[in-house]
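Open the model in your viewer and keep the selection box at hand. Each stop below says what to select and what is there.

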Amino acid sequence: MLELIIFAGLAVVVLYQLYSVLGRRVGRQPEDNAADPAVATVKPARLEGEEPQAAEAAEGVALSGLAAVRARDSSFDLSRFLGGAKGAYEMVVTAFAAGDRDTLRNLLAPGILATFDAEIARRESEGRTEIVEFAHPPRADLEKADVAGDTASVTVRFLAEFRSRTKGPEGEGVDDRRTAELWTFERNLKSRDPNWTLVRVDAAEA
(Lines give C-alpha, C1' and ligand atoms only; values in the text may rest on other atoms or scores of the structure.)
Protein backbone atom coordinates (compact mmCIF):
# COMPACT_ATOMS: atom_id res chain seq x y z
CA MET A 1 0.00 0.00 0.00
CA LEU A 2 2.87 2.36 0.85
CA GLU A 3 4.52 1.68 -2.54
CA LEU A 4 1.28 2.56 -4.37
CA ILE A 5 1.09 5.87 -2.52
CA ILE A 6 4.73 6.66 -3.40
CA PHE A 7 4.22 5.81 -7.10
CA ALA A 8 1.03 7.90 -7.21
CA GLY A 9 2.91 10.85 -5.72
CA LEU A 10 5.70 10.52 -8.27
CA ALA A 11 3.18 10.40 -11.11
CA VAL A 12 1.59 13.63 -9.95
CA VAL A 13 4.99 15.36 -9.83
CA VAL A 14 5.93 14.14 -13.34
CA LEU A 15 2.59 15.20 -14.84
CA TYR A 16 2.86 18.63 -13.23
CA GLN A 17 6.36 19.11 -14.62
CA LEU A 18 5.20 18.11 -18.12
CA TYR A 19 2.30 20.56 -17.92
CA SER A 20 4.53 23.40 -16.73
CA VAL A 21 6.82 22.86 -19.73
CA LEU A 22 4.31 22.03 -22.47
CA GLY A 23 1.89 24.69 -21.26
CA ARG A 24 4.36 27.44 -22.04
CA ARG A 25 5.47 28.77 -25.39
CA VAL A 26 9.23 28.41 -25.63
CA GLY A 27 11.46 29.79 -28.38
CA ARG A 28 10.39 31.42 -31.63
CA GLN A 29 6.91 30.68 -32.94
CA PRO A 30 5.82 30.72 -36.62
CA GLU A 31 4.07 34.04 -36.18
CA ASP A 32 7.26 35.53 -34.68
CA ASN A 33 8.80 35.37 -38.15
CA ALA A 34 6.01 37.66 -39.27
CA ALA A 35 6.55 40.02 -36.34
CA ASP A 36 3.44 38.92 -34.67
CA PRO A 37 0.87 42.21 -30.68
CA ALA A 38 -1.32 38.85 -32.09
CA VAL A 39 -3.83 36.25 -31.40
CA ALA A 40 -0.87 33.94 -30.81
CA THR A 41 0.64 35.98 -28.00
CA VAL A 42 4.08 35.23 -26.72
CA LYS A 43 3.72 35.61 -22.98
CA PRO A 44 5.89 38.53 -21.81
CA ALA A 45 8.58 37.89 -19.27
CA ARG A 46 7.36 38.48 -15.75
CA LEU A 47 8.44 41.81 -14.37
CA GLU A 48 9.97 42.12 -10.93
CA GLY A 49 7.18 42.59 -8.43
CA GLU A 50 4.52 41.57 -10.94
CA GLU A 51 2.51 39.45 -8.52
CA PRO A 52 0.23 41.36 -6.13
CA GLN A 53 1.70 41.52 -2.67
CA ALA A 54 -1.22 42.15 -0.41
CA ALA A 55 0.82 41.72 2.75
CA GLU A 56 3.29 44.43 1.74
CA ALA A 57 0.49 46.74 0.64
CA ALA A 58 -1.15 46.29 4.02
CA GLU A 59 2.10 47.28 5.71
CA GLY A 60 2.24 50.48 3.69
CA VAL A 61 5.07 49.48 1.35
CA ALA A 62 4.83 51.39 -1.95
CA LEU A 63 4.09 49.09 -4.89
CA SER A 64 5.07 49.68 -8.50
CA GLY A 65 4.55 48.08 -11.89
CA LEU A 66 1.80 45.51 -12.31
CA ALA A 67 1.66 45.02 -8.56
CA ALA A 68 0.54 48.64 -8.18
CA VAL A 69 -2.11 48.26 -10.89
CA ARG A 70 -3.46 45.04 -9.40
CA ALA A 71 -3.44 46.45 -5.88
CA ARG A 72 -5.89 49.11 -7.08
CA ASP A 73 -7.80 46.92 -9.56
CA SER A 74 -7.99 43.29 -8.50
CA SER A 75 -9.81 42.37 -11.72
CA PHE A 76 -6.87 43.41 -13.93
CA ASP A 77 -5.69 40.47 -16.03
CA LEU A 78 -2.57 40.97 -18.14
CA SER A 79 -3.37 38.34 -20.79
CA ARG A 80 -6.85 39.72 -21.31
CA PHE A 81 -5.51 43.27 -21.40
CA LEU A 82 -2.93 42.45 -24.08
CA GLY A 83 -5.61 40.68 -26.12
CA GLY A 84 -7.77 43.79 -25.99
CA ALA A 85 -4.76 46.00 -26.78
CA LYS A 86 -4.09 44.03 -29.96
CA GLY A 87 -7.66 44.49 -31.09
CA ALA A 88 -7.46 48.20 -30.33
CA TYR A 89 -4.19 48.47 -32.26
CA GLU A 90 -5.67 46.98 -35.42
CA MET A 91 -8.81 49.10 -35.09
CA VAL A 92 -6.88 52.34 -34.64
CA VAL A 93 -4.41 51.71 -37.48
CA THR A 94 -7.20 50.65 -39.84
CA ALA A 95 -9.48 53.54 -38.85
CA PHE A 96 -6.67 56.07 -39.17
CA ALA A 97 -5.86 54.90 -42.68
CA ALA A 98 -9.54 55.01 -43.66
CA GLY A 99 -10.12 58.39 -42.04
CA ASP A 100 -12.76 56.89 -39.72
CA ARG A 101 -12.94 59.63 -37.09
CA ASP A 102 -15.93 58.11 -35.26
CA THR A 103 -14.01 54.93 -34.43
CA LEU A 104 -10.91 56.88 -33.39
CA ARG A 105 -12.96 59.16 -31.14
CA ASN A 106 -13.99 56.16 -29.01
CA LEU A 107 -10.44 54.89 -28.58
CA LEU A 108 -8.16 57.92 -28.33
CA ALA A 109 -7.57 60.61 -25.74
CA PRO A 110 -8.35 64.17 -26.98
CA GLY A 111 -4.70 65.13 -27.45
CA ILE A 112 -3.71 62.22 -29.66
CA LEU A 113 -7.07 62.35 -31.44
CA ALA A 114 -6.28 65.93 -32.51
CA THR A 115 -2.95 64.79 -33.95
CA PHE A 116 -4.54 61.94 -35.88
CA ASP A 117 -7.36 64.17 -37.10
CA ALA A 118 -4.90 66.76 -38.42
CA GLU A 119 -3.09 64.13 -40.47
CA ILE A 120 -6.37 62.75 -41.84
CA ALA A 121 -7.41 66.28 -42.83
CA ARG A 122 -4.08 66.79 -44.61
CA ARG A 123 -4.55 63.59 -46.63
CA GLU A 124 -8.08 64.60 -47.53
CA SER A 125 -6.95 68.04 -48.69
CA GLU A 126 -4.43 66.38 -50.99
CA GLY A 127 -7.03 64.01 -52.38
CA ARG A 128 -5.37 60.90 -50.98
CA THR A 129 -6.96 57.72 -49.64
CA GLU A 130 -5.41 54.74 -47.90
CA ILE A 131 -6.33 51.16 -47.03
CA VAL A 132 -4.34 49.03 -44.59
CA GLU A 133 -4.24 45.23 -44.63
CA PHE A 134 -2.46 43.35 -41.84
CA ALA A 135 -0.27 40.48 -43.01
CA HIS A 136 -0.50 38.87 -39.58
CA PRO A 137 -2.03 39.80 -36.25
CA PRO A 138 0.29 42.24 -34.49
CA ARG A 139 2.42 41.15 -31.58
CA ALA A 140 2.01 42.80 -28.17
CA ASP A 141 4.34 42.64 -25.17
CA LEU A 142 4.15 44.49 -21.89
CA GLU A 143 6.74 47.27 -21.73
CA LYS A 144 5.85 48.83 -18.36
CA ALA A 145 2.96 49.57 -16.02
CA ASP A 146 2.39 51.90 -13.10
CA VAL A 147 -0.12 53.93 -11.12
CA ALA A 148 0.01 57.68 -10.49
CA GLY A 149 -2.74 58.97 -8.23
CA ASP A 150 -5.95 57.41 -9.52
CA THR A 151 -4.63 56.81 -13.03
CA ALA A 152 -3.27 53.44 -14.15
CA SER A 153 -0.86 53.50 -17.07
CA VAL A 154 0.22 50.51 -19.16
CA THR A 155 2.66 50.73 -22.07
CA VAL A 156 2.60 47.99 -24.72
CA ARG A 157 5.26 47.30 -27.35
CA PHE A 158 3.67 46.45 -30.71
CA LEU A 159 5.37 44.79 -33.66
CA ALA A 160 3.33 44.63 -36.83
CA GLU A 161 3.52 44.03 -40.58
CA PHE A 162 0.91 45.43 -42.91
CA ARG A 163 0.39 46.51 -46.49
CA SER A 164 -0.71 50.07 -47.24
CA ARG A 165 -2.55 50.72 -50.50
CA THR A 166 -2.75 54.41 -51.35
CA LYS A 167 -4.39 56.47 -54.08
CA GLY A 168 -3.55 60.07 -54.89
CA PRO A 169 -3.17 62.59 -57.70
CA GLU A 170 0.00 60.83 -58.85
CA GLY A 171 -1.69 57.41 -59.01
CA GLU A 172 -1.78 54.28 -56.84
CA GLY A 173 0.90 52.84 -54.64
CA VAL A 174 1.55 49.80 -52.48
CA ASP A 175 3.87 49.88 -49.49
CA ASP A 176 4.73 46.94 -47.23
CA ARG A 177 5.63 48.16 -43.78
CA ARG A 178 7.04 46.72 -40.59
CA THR A 179 6.54 48.88 -37.52
CA ALA A 180 7.65 48.86 -33.89
CA GLU A 181 5.81 51.22 -31.57
CA LEU A 182 5.12 51.84 -27.89
CA TRP A 183 1.48 52.61 -27.12
CA THR A 184 0.52 53.90 -23.70
CA PHE A 185 -3.00 53.26 -22.41
CA GLU A 186 -4.54 54.90 -19.35
CA ARG A 187 -7.60 54.36 -17.19
CA ASN A 188 -9.09 56.23 -14.23
CA LEU A 189 -9.26 53.62 -11.48
CA LYS A 190 -12.17 55.38 -9.79
CA SER A 191 -14.27 55.29 -12.94
CA ARG A 192 -16.82 52.54 -13.52
CA ASP A 193 -15.84 52.56 -17.17
CA PRO A 194 -13.52 49.53 -17.63
CA ASN A 195 -12.16 50.75 -20.97
CA TRP A 196 -8.61 51.98 -21.45
CA THR A 197 -7.77 55.00 -23.62
CA LEU A 198 -4.75 55.43 -25.87
CA VAL A 199 -2.88 58.56 -24.73
CA ARG A 200 0.55 58.28 -26.36
CA VAL A 201 2.32 56.67 -29.31
CA ASP A 202 6.12 56.48 -29.56
CA ALA A 203 8.47 54.85 -32.02
CA ALA A 204 10.37 51.83 -30.70
CA GLU A 205 13.27 49.67 -31.75
CA ALA A 206 12.22 46.43 -33.43
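The tour goes from the whole chain to its core, then to a helix pair and some charged side chains.

**Stop 1: the whole chain**

Keep in mind that this is a predicted model. Show the protein chain as a cartoon. You should find 6 helices and 5 strands. Trace them from the N terminus: the order is α-α-α-α-α-α-β-β-β-β-β. Now switch on the surface. The chain exposes about 13000 Å², and carbon and sulfur atoms supply 54% of that area. Of the 206 residues in the chain, 33% are buried.

**Stop 2: the largest nonpolar core**

Select Phe81, Leu108, Val156 and Phe185. They belong to the largest nonpolar core, which has 37 residues, and they touch the most other members. Which elements give two or more residues to this core? On the helix side they are helix 3 (65–72), helix 4 (78–98), helix 5 (101–107) and helix 6 (110–125). On the strand side they are strand 1 (129–134), strand 2 (139–148), strand 3 (151–168) and strand 4 (171–188). Colour helix 4 next. Helix 4 gives the most to the core, with 10 residues.

Now zoom in on Leu108. Leave aside its neighbours within four places in sequence. Leu108 is then in contact with Val92, Leu113, Phe116, Thr197 and Leu198.

**Stop 3: helix 4 against helix 6**

Hide everything except helix 4 and helix 6. Their axes are 9 Å apart, and the two helices pack at an angle of about 35°. Show side chains where they meet. Helix 4 brings Val92, Phe96, Ala97 and Ala98. Helix 6 brings Phe116, Glu119, Ile120 and Arg123. How many of the residues in this contact are nonpolar, polar or charged? The split is 6 nonpolar, no polar and 2 charged.

**Stop 4: Arg123**

Stay on helix 6 and select Arg123, which lies in this helix. Is Arg123 buried or exposed? Arg123 is buried, because its relative accessible area is 7% and the cut-off for buried is under 20%. Bring back the rest of the chain and list what Arg123 touches. Not counting residues up to four places away in sequence, these are Phe96, Ala97, Ala98, Gly99, Arg128 and Glu130.

Look closely at Glu130. Side chains of opposite charge can pair when their charged atoms come close. Arg123 and Glu130 form a salt bridge, with their closest N and O atoms 3.8 Å apart. Glu130 also counts as buried, at 12% relative accessibility.

**Stop 5: more salt bridges**

The whole structure holds 19 salt bridges. Select Glu133 and Arg165 to see another of them. Their side chains meet at 3.3 Å, N to O. This pair links distant parts of the chain: Glu133 sits in strand 1 and Arg165 in strand 3, 32 residues apart. Glu133 is partly exposed, with a relative accessible area of 36%. Arg165 is partly exposed too, also at 36%.

Move on to Asp202 and Arg200. They form a salt bridge whose closest N and O atoms are 2.6 Å apart. Asp202 is partly exposed at 25% relative accessibility. Arg200 is partly exposed at 48%.

For the last selection, take Glu119, Arg122, Glu126, Arg128 and Glu170. Salt bridges that share partners join these residues into one network. You have met Glu119 before, in the contact of helix 4 with helix 6.

Definitions and conventions:
Residues numbered from 1 in each chain as written. Predicted model: local features only at pLDDT ≥ 70, side-chain atom pairs only at ≥ 80, totals over all residues. Heavy atoms only, no water. Core = buried A, V, L, I, M, F, W, Y, C linked by side-chain atoms within 4.5 Å. Buried < 20%, exposed > 50% of the residue type's maximum accessible area, 1.4 Å probe, protein only. Helix = DSSP H or I, 4+ residues; strand = E, 2+ residues; numbered from the N terminus. Contact = heavy atoms within 4.5 Å. Areas by Shrake-Rupley, 256 points an atom, 1.4 Å probe, with all protein chains shown as cover. Salt bridge = Lys/Arg side-chain N within 4 Å of Asp/Glu carboxyl O. Axes fitted to C-alpha atoms, helices over the stretch in contact; angles between N-to-C directions. Nonpolar A, V, L, I, M, F, W, Y, C, P; charged D, E, K, R; others polar.
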